[in-house]
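Take a moment to turn the model around on your screen before reading on. We will walk through it a few residues at a time.

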Amino acid sequence: MAIESKHPETLVLHAGYHHDSATNSVAVPIYQTTSYEFNSAEHAANLFGLKELGNIYTRLMNPTTDVLEQRVAALEGGVAGLGVASGQAASTYAILNLCEAGDNFVTSTDLYGGTWNLFANTFKQMGIEARFVDPADPDAFRKATDDRTRCYYAETLPNPKLRIFPIAEVATIGRELGVPLIIDNTAAPILCKPLALGAAIVVYSATKYLGGHGTSIGGVVVDGGTFDWEAQGDRFATLNKPDANYHGMVWTEAVKPLGPIAYILRMRCTLLRDMGAALSPMNAFQLIQGMETLPLRMRAHCENADKVAAFLKDHPQVTKVIHPSLQTGEDARRRDAALTGGNGALMGFEVKGGLEAGRKFIDSLELFHHVANIGDARSLAIHPATTTHSQLSEEDQLASGVSQGYVRLSIGIEHIDDILADLKQALDAL
Ligand code: PLP
């Protein structure tokens, strides 16, 4: 029985699963199996031929992962989801599902470093061109588009700059030109609904807030089901032309009885099958478990982060604080348009004294964990100039928003007094 609700608090507990049909188990069972017995030779042939949908092999689908996929899709207002082994796998497949060698896509310059490297180097080696444009001007996406452009890509709330991406503006340009916008919403689940703003596809690193407890790597792609792939047969050849990868299947035709799921079905049946970045059922369970408290956690993360930003802004050892709650002008307008559920819990600030002060501050923290991660229930900190961005020249560091004294925080859900006390004692140590 599927529970219909528009409220995230209900969806994260009920969407896609009520109880197990075999055992009546209320908790989602961990289906730790590689394969599934076919009822007959005909049943097996129907499953392989997509005449019937059902379980074949856990690299392709799994009942535990299926619940995660349905929950994230319901939360985003999409039609279907695909769980994969990591956020990196999610963004890789999201692009490869549309782009072939010789094609291009237009992407915001403001990206997670791993995604930047994937786009600038790995895809280049595969003959796919990433065209990087500054999201300060949404029209830059239009200008970079040509006949071989297959999609646009951006992050809702990219760190370290924390400039909110103009989702609605770029989605509108894309829909005018027939180009779908893919949004990485990793840093802003609950807070932002990219599909409602016009994006076609949403990707997540579920490793961060969705899971929320720092236990499991995973990723999810959600198909919004609103993009008309057939309107431009040539642009979306992977979905509209016979696919040699699946005995000549035309995906937009094949899904006619199933609903608008051509994009996500092709991803499952070809990319996931062939490249194999399958999510383990155990990790899917951990992510489902984490998601049950996602709306509560996001509220607590955001409340704490607003208070931390206000505290740091007035501290004499701090020269600059970057957090959406402090933005003004066009940045604030973009924030209000995209972040309707809170300002997010990622934050950057600069300490007086440059590199040495940044390092000393990190070494003085007691409650905060010093890790290269975000979105954990615990508060996290890192000094990018000596870690995540240390391979870049000082000039390139500055261009990506990282000064020598810059510290990145991911504010957790501990009691605010304890978070502030730890920050205060570490700043006092400078
Ligand atoms: N997208 C964003 C915004 C991220 O911050 C990260 C990881 O830090 C990823 C994608 C990649 O996710 P994963 O580490 O799960 O592969």
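**Charged pairs, a bound ligand and some unusual turns of the backbone**

Let us start with a pair of charged side chains: Asp 274 and Arg 273 meet in a salt bridge, with 2.6 Å from N to O. Keep in mind as you look that this is a predicted model. Are these two partners buried, exposed or something in between? Asp 274 has a relative accessibility of 43%, so it counts as partly exposed, because that label covers values between 20% and 50%. Arg 273 is partly exposed too, at 25%. Elsewhere, salt bridges do not come only as separate pairs: Asp 110, Asp 134, Lys 161 and Arg 163 are joined into one network by salt bridges that share partners.

How many salt bridges does the structure hold? The count is 24. One of them links the side chains of Arg 131 and Asp 146, with an N to O distance of 3.0 Å. Try finding both residues on the model: Arg 131 belongs to strand 3, which covers residues 129–133, while Asp 146 sits in the loop between helix 6 (139–143) and strand 4 (149–155), so this salt bridge ties together parts that lie 15 residues apart in sequence. Arg 131 is partly exposed, with a relative accessible area of 21%, and Asp 146 is partly exposed as well, with 28%.

Another salt bridge is formed by the side chains of Asp 137 and Lys 143, here with 3.6 Å from N to O. Its two partners fall into separate classes of exposure. Asp 137 is partly exposed, with a relative accessible area of 35%, whereas Lys 143 reaches 62% and therefore counts as exposed, since the label applies over 50%.

Now move to the ligand. Which residues come nearest to it? There are 13 residues around the ligand, and the nearest are Gly 87, Asp 184, Ser 205, Thr 207 and Lys 208. Looking at individual atoms makes this picture sharper. A polar backbone atom of Gly 87 is 2.9 Å from an oxygen atom of the ligand. For Gln 88, too, a polar backbone atom is 2.9 Å from a ligand oxygen. With Thr 207 the side chain takes part: one of its N or O atoms is 2.6 Å from an oxygen atom of the ligand. How much of the ligand does the protein bury? Taken alone, the ligand exposes 390 Å², and the protein buries 89% of that. The space that the ligand takes is the largest pocket.

From here, follow the chain into the loop between strand 5 (181–184) and strand 6 (201–205), where you will find Ala 200. Ala 200 is buried, with a relative accessible area of 2%. Its C-alpha atom is separated by 9.1 Å from that of Arg 175, although the two residues are 25 residues apart along the chain. Asn 185 is also placed in the loop between strand 5 and strand 6. At 0% relative accessibility, Asn 185 counts as buried. What does the side chain of Asn 185 reach? It reaches the backbone oxygen of Cys 192, at 3.1 Å.

The last stop is the backbone itself. Most residues other than glycine have a negative phi, and most peptide bonds are trans. With that in mind, look at the peptide bond from Asn 159 to Pro 160: this bond is cis, with omega near 15°. Pro 160 lies in the loop between strand 4 and helix 7 (167–177). Leu 162 is found in the loop between strand 4 and helix 7 as well. Leu 162 has a positive phi, near 55°, and is a residue other than glycine. Is Leu 162 buried or exposed? With a relative accessible area of 0%, Leu 162 is buried, because the label covers values under 20%.

His 247 gives another case of a positive phi in a residue other than glycine, with a value near 30°. Look for His 247 in the loop between helix 8 (237–240) and helix 9 (251–254). At 62% relative accessibility, His 247 counts as exposed, whereas Leu 162 is buried.

Notes: Residues are numbered from 1 along each chain as its sequence is written. This is a predicted model: local features need pLDDT of at least 70, side-chain atom pairs count only at pLDDT 80 or more; totals for chains, interfaces and linings use all residues. Side-chain values use heavy atoms; hydrogens and water are left out. A salt bridge is a side-chain nitrogen of Lys or Arg within 4 Å of a carboxyl oxygen of Asp or Glu. Helices (H or I, at least four residues) and strands (E, at least two) are DSSP runs, numbered from the N terminus. Buried means under 20% relative accessible area, exposed over 50%, partly exposed in between (1.4 Å probe, protein chains only). A residue is near a molecule or strand if one of its heavy atoms lies within 4 Å of it. A polar contact is a pair of N or O atoms within 3.5 Å; within protein, one must be able to donate a hydrogen and the other to accept it, and residues adjacent in sequence count only if both atoms are side-chain atoms. Accessible areas come from the Shrake-Rupley method with a 1.4 Å probe; for residues, only the protein chains shown count as cover. On a 1 Å grid over the protein atoms alone, a cavity is a set of points where a 1.4 Å probe fits but cannot get out, and a pocket is an open set with protein on both sides within 12 Å along at least five of seven lines; lining residues have an atom within 4 Å of a point. A molecule sits in a cavity or pocket if more than half of its atoms lie within 2 Å of its grid points.
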